[in-house]
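Reader: I would like to go through this model with you and ask, for each term you use, what the term rests on. Could we begin with the ligand and then turn to the pockets and the backbone?

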Amino acid sequence: MTDADRGSTIGDAMRRAVRNLAEAGVGGADFDTRVLMADVLGIETSSLLARRERPIEPDAEERFTAYISRRRSGEPVHRILGKRGFYGHDFELSAGTLEPRPDTEIVVEMGIAFLRTVDRDRPLRVLDIGTGSGVIALSILVALPHTHAFGTDISEDALATARRNAKRLKVDARFETSVTDYAAGITGPLDLAISNPPYIATRDIAGLSSEVRDFDPKSALDGGEDGLKAYRAIAAQVRSVLADDGSVVVEIGIDQKDPVTRIFEACGFTLSDWRKDYGGIVRALRFSREEAPCDRFR
Ligand SMILES: C[S@@+](CC[C@H](N)C(=O)[O-])C[C@H]1O[C@@H](n2cnc3c(N)ncnc32)[C@H](O)[C@@H]1O
């Protein structure tokens, strides 16, 4: 956008931005423009219409122009904003965190539904494996005050972001983090181990949209040769630290229900429940412990 292009009102600036993004082939230009302008002005998108005839302040216009230019270059809206709404809360993002997806809210719901059935005379103990920005663990902590959560990750940057999110949501006193390989070194008894692990097969990563491939950390996506590497590690690691009546809830990718179930069954778990996402794809599985110990995948 040149100086000559700049609009004197909020509505003018937005119309130009929509044209600019549409010309560059950015899908959803109208929606993105509204989200970015609302953030610049510090208001809800629903308040934009009432303000469209107001003049836009020069510093707001400068920020908005920079946002639109980044969006035009392909950067996802929530990466530009540095935050994303999830389960009713705003979560800060950073270079080391995946941008959380709405489908993962189903995993959170499944975890919360299970925890509501657990009766203890001590705080419930939850392990969120590969916590990233902390969306799963922290959403559970906000919903269930009688709960303590541990978040693990291989990314220290992600864990630092998760801790800041915990502080902002005022649950930091009930949240601990550890840089570790999935659940290695975690001690029990845990009432719930929950995870949205990396589950894309390595060979499929090149075919992902550039907004995912170029902006989400590869370590958050890459599930190894068949996409199932993390499930093998998690199934083998968590059984011995789960309470007898504890559960494991995992997010899965398309067509992973059967192979992931086989992995957990081989480690002494039974598939107890599963849920579909908003697109009708089986997205979350819950496993309960059986008596026999895990003797594979060690
Ligand atoms: C799909 S992302 C999920 C992040 C977050 N839980 C969410 O749902 O938005 C997977 C996370 O697992 C972490 N991760 C990858 N390999 C790991 C490993 N070996 N041990 C622990 N965490 C790992 C990544 O850094 C990333 O934060």
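Author: Let us begin with the ligand, keeping in mind that this is a predicted model. The ligand has 18 residues around it, and those that come nearest are Gly130, Asp153, Asp181, Tyr182 and Asn196.

Reader: What makes the approach of the Asp153 side chain to the ligand a polar contact?

Author: An N or O atom in the side chain of Asp153 is 2.6 Å from an oxygen atom of the ligand. A polar contact is a pair of N or O atoms within 3.5 Å, so the pair formed by Asp153 and the ligand counts as one.

Reader: How do you know that Asp181 and Asn196 also make polar contacts with the ligand, and which ligand atoms do they face?

Author: For Asp181, a polar side-chain atom lies 2.7 Å from a nitrogen atom of the ligand, while for Asn196 an N or O atom of the side chain is 2.9 Å from a ligand oxygen atom. Both distances are within 3.5 Å, and therefore both pairs are polar contacts. As for cover, the ligand on its own has 600 Å² of accessible area, of which the protein covers 96%.

Reader: Which helices contribute to the shell around the ligand, and how is that shell divided by class?

Author: At least two shell residues come from each of helix H7 (135-143) and helix H10 (218-221). By class, the shell holds nine nonpolar, seven polar and two charged residues.

Reader: Why is the ligand said to sit in the largest pocket?

Author: The space taken by the ligand is the largest pocket. A molecule is said to sit in a pocket if more than half of its atoms lie within 2 Å of the grid points, so the statement about the ligand is to be read in that sense.

Reader: What volume does the largest pocket have, and what lines it?

Author: The volume of the largest pocket is about 940 Å³, and its lining consists of 42 residues, with Asn196, Pro197, Pro198, Ala220 and Leu221 lying nearest its centre. H7, strand S4 (147-153) and H10 each supply at least two residues of this lining, and H10 gives the most, with three residues. Divided by class, the lining of the largest pocket has 16 nonpolar, 16 polar and ten charged residues.

Reader: How does the second largest pocket look in the same terms?

Author: The second largest pocket holds about 340 Å³ of space. It is lined by 14 residues, and Val35, Glu44, Leu81, Lys83 and Asp90 are the closest to its centre. Helix H2 (29-41), helix H5 (77-81) and strand S1 (83-86) each give two or more residues to this lining, the largest share being the four residues from H2. The classes here are five nonpolar, four polar and five charged.

Reader: Turning to the backbone, what makes the peptide bond from Gly188 to Pro189 cis, and where is Pro189 found?

Author: The peptide bond from Gly188 to Pro189 is called cis with an omega near 0 degrees. Pro189 is found in the loop between strand S5 (175-179) and strand S6 (190-195).

Reader: Which phi values are notable for Tyr182 and Asp255, and where do these residues lie?

Author: Tyr182 is not a glycine, yet has a positive phi of about 50 degrees; Tyr182 lies in the loop between S5 and S6 and is among the residues that come nearest the ligand. Asp255, also not a glycine, has a positive phi of about 65 degrees, and lies in the loop between strand S7 (242-251) and helix H12 (257-266).

How values were computed. Residues numbered from 1 in each chain as written. Predicted model: local features only at pLDDT ≥ 70, side-chain atom pairs only at ≥ 80, totals over all residues. Heavy atoms only, no water. Near = heavy atom within 4 Å. Polar contact = N/O pair within 3.5 Å; in protein donor to acceptor, adjacent residues only side chain to side chain. Areas by Shrake-Rupley, 256 points an atom, 1.4 Å probe, with all protein chains shown as cover. 1 Å grid on protein atoms, 1.4 Å probe; cavity = no way out; pocket = protein on both sides within 12 Å on 5 of 7 lines; lining within 4 Å. Nonpolar A, V, L, I, M, F, W, Y, C, P; charged D, E, K, R; others polar. Points joined across faces, edges and corners; volume = space filled by probe spheres on them.
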